Amino acid sequence: MYDVIVIGGGHAGSEAALASARLNNSTLLVTGNIKMISSMPCNPSIGGPAKGIVVREIDALGGEMGRNTDKTALQMRLLNISKGPAVRALRAQSDKVLYSKEMQKTILNQENLDVKEAYVDKLIVEDNKLKGVILEDETKYLSKVVIITTGTFMQAVILVGNDIIESGPDNQKASMGLSPQLRELGFITSRLKTGTPPRVRKDSIDFSKTELHEGDKIVRYFSFDNISYLAVEDQWPCYLTYTHSKTHDIINLNLTKSAMYSGNVEGVGPRYCPSIEDKVVRFNDKNRHQIFLEPESQFIDEIYIQGFSTSMPHDIQKKMLQTIPGLENAVIAKYAYAIEYDAIDPRTLYPTLESKDYEGLYFAGQVNGTSGYEEAACQGLMAAINANLKLKGKDPLVLKRSEAYIGVLIDDLVTKGVKDPYRLLTSRAEYRLLLRHDNADIRLRDYGYEVGLVKEDRYIGFLKKKGKIKELKRKLTEFNIYPNMSNNDYLLSVGSTVLKDKTSLSALIRRPEIKIEHIKRWENISEYSSEETEQVEIDIKYEGYINKAMKQASKLLKMEDYSIPKNIDYNGIQNLALEAREKLMKIKPLTIGQASRISGVNPSDISILLVYIKSIK
Ligand SMILES: Cc1cc2nc3c(=O)[nH]c(=O)nc-3n(C[C@H](O)[C@H](O)[C@H](O)COP(=O)(O)OP(=O)(O)OC[C@H]3O[C@@H](n4cnc5c(N)ncnc54)[C@H](O)[C@@H]3O)c2cc1C
């Protein structure tokens, strides 16, 4: 008998299995192929806008993705560095072979964690409670909790041109047994779709016809514990090229041959990760689209053609590709394809990712309708954290929209549901100025420590960092400089303006043109790490905006903390609009805040609900 069984060793399953075992639960990970644990069937990269911040949040909470990425990166770039801190995000080009190998090693060496290579065919459910799983060979394993993280595998089919083949990604077997049982249990499943581009042999590309894109010239890492990092000089380059009008002509000419446009596909594709066909059709005013040539691994001589996912027949793929500058003689090592698979409606889940109808059953990752390694990983982590808290009779951990992108993602899923594969974007977060790359540990590390995933040594390191930040802020506020020749000459030399009065260094930093480096002229800040000085600079420079955002967040927090009784009878509430009544009964929101975000529930319904709850309390 296990405490927890995790089905699937993808990005969600890896985080869930590790977190569950590290929280001292006897854990079994059942996955279709151990060698494909945390495999990257699509882009060999981790991070980017919003996603990069989620990886920092996973690390702050004690998850594995950040550390695994730092160990296996080929290139690192902090994106949007010239823009405000709210949109800066780290992106790693990952060695996909090493990434999976490192995660396999970590999982196979983890205490309390058994790993079984097999497919789960059925769940064992008694009186709406989870009791375990049955494998395809009818072996039974019992447990108190099951976390389903089957990704793009449930009833998966591969689509290329008119060909439809029952298969998971990268020729792995599809998972056929679970979806039908989930539907019998009353779950609504939907068909979603995503696609991947071709891989081209490196030696068949003429890179002289492309633009070089190198990594940053300073060391970057995701993990706050910076266990390892990629040296600047060891980075691999990427290259940029563009589609050509000839590419668009071939696509338009052969559009009906694409699986996506042939009418064979039922699944809905990701709006924010369109295939090249979609781009040519939807953005036909554009005469070219960016194509990044990305290394997949130091062990594979193949290049990933980012931005060129397609489901065209092989011969058309080749023709399309060979119109692109640098790819005229491209040799395709792996053809592109689309994949269609079953996902559940995440509105049937609590914000803990536990099913509302089956106790002990949790869902995480692409099976909940998201798309992306990072989106999957954070769900796996949160499902395991909350399963553990429930097993130990403790209150759940539900991150708020003002605390974490993870909170935004999960709230969007369980409150609004998904129509197409959900991808995280900065625009989804109303408090994005609070949810930054630099402060993920300040926001979440206490939670990681409280739930038991961040161990004492890492937590002490974090408290030290917080103390240093506080100390430096105090120093800069107390240190005044005066309007004299030497100071004013220096300020003019760095493009700033002269002082008129005594000014504190923190007031000086508020000047847009003044950077924390300039402060070294007056105050020795060498004892502070770049993370600490960056934090101080951002907190001082954006203090006004940050305080405003926090005030807005605190106003809504009251609604967020206003809980709705679990056994509330919405039929008993007079004057509630019919649509609102139906939606509230279906989604069973836990708080007034969550209720207010359900589409079809209007502010007037919320006021009626508030009055009603007060009357029954
Ligand atoms: C072709 C393709 C293209 C993609 N394109 C993009 C993209 O452009 N952008 C993007 O952000 N994301 C893309 N993705 C999605 C990305 O790969 C996923 O978001 C991510 O891998 C999801 O992680 P996961 O852990 O939920 O599932 P997965 O990584 O799919 O892992 C699922 C795991 O579950 C196991 N499993 C499944 N069923 C069973 C069972 N019954 N019993 C035991 N084990 C089981 C599998 O072996 C696998 O290890 C693409 C995926 C594919 C396949």
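This report walks through a predicted model, starting at its ligand and moving on to a handful of single residues.

## Around the ligand

Let's begin with the ligand, which has 36 residues around it. H11, A12, V120, Q366 and G372 come closest. By type, the shell splits into 16 nonpolar residues, 18 polar ones and two charged ones.

Some polar contacts are worth finding on screen. T31 puts a polar side-chain atom 3.3 Å from a ligand oxygen. T194 does something similar with a ligand nitrogen, its polar side-chain atom sitting at 3.2 Å. With G195 it's the backbone that takes part: one of its N or O atoms is 3.2 Å from a nitrogen of the ligand. On its own the ligand would expose 980 Å², and the protein buries 98% of that. Five elements supply two or more shell residues: α1 (11-22), β2 (27-31), β12 (189-196), β19 (337-344) and α10 (373-391). The largest share, three residues, belongs to β12.

## S100, tucked into a helix

Next up is S100, part of helix α4, which covers residues 96-108. Is S100 buried or exposed? With a relative accessible area of 6%, S100 counts as buried.

Its side chain reaches over to I37, meeting the backbone oxygen there at 2.5 Å. I37 also appears among the contacts of S100 once neighbours within four places in sequence are set aside; the list reads K35, M36, I37, S38 and S39.

## Two threonines in loops

T210 sits in the loop that runs between β13 (199-201) and β14 (211-213). Loop or not, T210 is buried, at 14% relative accessible area. A polar atom of the T210 side chain is 2.6 Å from the backbone oxygen of F207. Skipping neighbours within four places in sequence, T210 also touches Y239, L240, T241, L293 and P325.

T497 is in a loop too, this one between α14 (485-493) and β22 (503-504). Here the residue is partly exposed, with a relative accessible area of 48%. Follow the chain 14 residues from T497 and you get to R511; the C-alpha atoms of the two are 9.4 Å apart. R511 is also one of the contacts of T497 outside the four-place window, along with L491, L492 and E513.

## A cysteine without a partner

How many disulfides does a search of the whole structure find? The count is zero. As a reminder, a disulfide is a covalent bond joining the sulfur atoms of two cysteines.

C378 shows why one cysteine stays unpaired: the closest cysteine sulfur, in C273, is 17 Å from its own, which is too far for a bond. C378 is also buried, with a relative accessible area of 0%.

## Positive phi angles

Two residues stand out for their backbone angles. L353 isn't a glycine, yet its phi is positive, near 70 degrees. You'll find L353 in the loop between β19 and β20 (361-363), and L353 is buried at 0% relative accessible area.

The other is K588, again not a glycine, with a positive phi of about 50 degrees. K588 belongs to the loop between α18 (578-587) and α19 (592-596). While L353 is buried, K588 is partly exposed, at 37% relative accessible area.

Notes. Residues are numbered from 1 along each chain as its sequence is written. This is a predicted model: local features need pLDDT of at least 70, side-chain atom pairs count only at pLDDT 80 or more; totals for chains, interfaces and linings use all residues. Side-chain values use heavy atoms; hydrogens and water are left out. A residue is near a molecule or strand if one of its heavy atoms lies within 4 Å of it. A polar contact is a pair of N or O atoms within 3.5 Å; within protein, one must be able to donate a hydrogen and the other to accept it, and residues adjacent in sequence count only if both atoms are side-chain atoms. Accessible areas come from the Shrake-Rupley method with a 1.4 Å probe; for residues, only the protein chains shown count as cover. Helices (H or I, at least four residues) and strands (E, at least two) are DSSP runs, numbered from the N terminus. Ala, Val, Leu, Ile, Met, Phe, Trp, Tyr, Cys and Pro count as nonpolar, Asp, Glu, Lys and Arg as charged, and the others, Gly among them, as polar. Buried means under 20% relative accessible area, exposed over 50%, partly exposed in between (1.4 Å probe, protein chains only). Contact means heavy atoms within 4.5 Å. A disulfide is a pair of cysteine sulfur atoms within 2.5 Å.
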